[in-house]
Amino acid sequence: MHLRPRQREHRWPEQRSLALLAVPLGLIVVVTVVDILAPPEVHLGPFLVAAPAVTASFAGPWTTGLVGAVAVLAQAVVAVARTSLTDLNHSFQITALILISIFVTYMAKRRVRHEQELTRLRSVAEATQAVLLRPLPEQIGPLRIASVYLAAEAEAQIGGDLYAAARTARGTRLMIGDVRGKGLKAIGDAALVLGAFRAAAHRQAELPVLVAYLEGTVSSDLDDPSAPRDESEDDGEAFITAALLDVPDEEAVLHVINCGHPPPLLLRDGTVTPLQNHRPAPPLGLTEFAAADFTVETFPFRVGDVVLLYTDGVIESRNADGVFYPLDRRVTCWPGGDPQTLLRRLCADLLDHAGGVLGDDAAMVAVQRLPAAAPGSG
């Protein structure tokens, strides 16, 4: 199952816009009546400019212009009732009201155009996310899987965190990673690694060979002079942390190579065990500065066990007091269940801890081993 919290659409329904339209129209009526009944030395006409200004905040240019025209008409009625249209004071008020109404109508047009552009950009981001970060299937072979991606930016749909899964002849391969940096460069690097993994994970015989292939792909991209560069970063600062898992169908184990990534957590019978590699490899793209030894380490992975993969955006999330999110403690309190329930609970708890705003993108993947003869396996 693929859990993905979505940004809520900030749109004004037509019924609510009509209800709000009563506010500026009511203001026009009140100001007009009071101004006509007020003493000669009191002039409330300038308050009519608030009507089109308020309308421009929620309505389109046509509605804003209409309210502005009604306000101008009301000002003319006041002028006739009190003195005349040629009165100097009222002439200036009417002229100023016309100019302000034209200006706020133009601003309403700009606002509507900006909202339409945001809607189109959001649609493009969702389409890009669907291609780049494909939803993981609920079940692959004897594994039940759930995933979640939380973008730090309010309008963002994708970022530098990544995950993927691939089926092989003997089992399932999983990858989770985190690209250093943000923005389009991070998205491009994530797409590069995901594409290389999907192309090679099916056919590479051994896990170290696959990781070496990914390392070569990242390193060659860094050496490519045509590749986009962020002037604020040098090549030594561009890298990708990743953890790759190979889960055989017929053995109750999993094989792990960790390239500078936070260690996966194994959940079994109320206990949490970090799957620490004794010989971790450097992040992808840094083998020029550190010797690359892609050593596989094997851990027990029995029926009912759950492995939680995550990026550093989870454990580095802070609350109002600056305290990091205690993932291991929160997972220890988990009463048990399927991966979907686990991620729903962690996602809600993480957002609550961070006050609803994350400082970095965060991704989590939960994998549970099912009995070999589970329905739908394979």
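Here a biologist and a modeller talk through a predicted model, asking what lies behind some of the labels used for it.

Biologist: How do you know how far to trust this protein model?

Modeller: Its mean pLDDT is 83, and 82% of the residues reach 70 or more. Confidence does vary, though: strand β11 (residues 306-310) has the highest mean, at 96, while strand β1 (residues 2-3) has the lowest, at 54.

Biologist: Which stretches have pLDDT below 50?

Modeller: Residues 6-13 do, and beyond near neighbours in sequence that stretch has 10 contacts in the model. Residues 374-378 are also below 50, with nine such contacts.

Biologist: Okay, on to S317. Why is this residue called buried or exposed?

Modeller: Its relative accessible area is 4%. Buried means under 20%, so S317 counts as buried.

Biologist: And where is S317 found?

Modeller: In the loop between α7 (312-315) and α8 (327-332). Not counting residues up to four places away in sequence, S317 touches V323, F324, Y325, L350, H353, A354 and L358.

Biologist: What about L37: why is that one called buried or exposed?

Modeller: L37 comes out at 69% relative accessible area. The cut-off for exposed is over 50%, so L37 is exposed. You'll find L37 in helix α1.

Biologist: What makes up the nonpolar patch on the surface?

Modeller: L37 is one of its residues, along with V29, V33, I36, L73 and V77, and together they have about 550 Å² of accessible area. To join a patch, a residue needs over 30% relative accessible area, and L37 has 69%, so L37 clears that bar.

Biologist: Which helices supply the nonpolar patch?

Modeller: α1 (14-37) and α3 (61-82) each supply at least two residues. α1 gives the most, with four.

Biologist: Now the inside. What makes a set of residues a nonpolar core?

Modeller: The residues must be buried, of a listed nonpolar kind, and joined through side-chain atoms within 4.5 Å. The largest such core here has 52 residues, and M175, F197, L244 and L254 have the most contacts inside it. Helix α5 (residues 183-200) brings the largest share of this core, eight residues.

Biologist: What is L244 in contact with?

Modeller: Leaving aside neighbours within four places in sequence, its partners include M175 and F197, plus L174, L207, L210, V211 and L214. H255, V256 and I257 are contacts of L244 too.

Biologist: Which residues are in the other core?

Modeller: That one lies apart from the 52-residue core and has 23 residues, among them A146, V331, C347 and A362.

Key:
Residues numbered from 1 in each chain as written. Predicted model: local features only at pLDDT ≥ 70, side-chain atom pairs only at ≥ 80, totals over all residues. Heavy atoms only, no water. Buried < 20%, exposed > 50% of the residue type's maximum accessible area, 1.4 Å probe, protein only. Contact = heavy atoms within 4.5 Å. pLDDT = per-residue confidence, 0-100. Patch = residues over 30% accessible without salt bridge, like charges linked within 9 Å, V, L, I, M, F, W, Y side chains within 5 Å. Areas by Shrake-Rupley, 256 points an atom, 1.4 Å probe, with all protein chains shown as cover. Salt bridge = Lys/Arg side-chain N within 4 Å of Asp/Glu carboxyl O.
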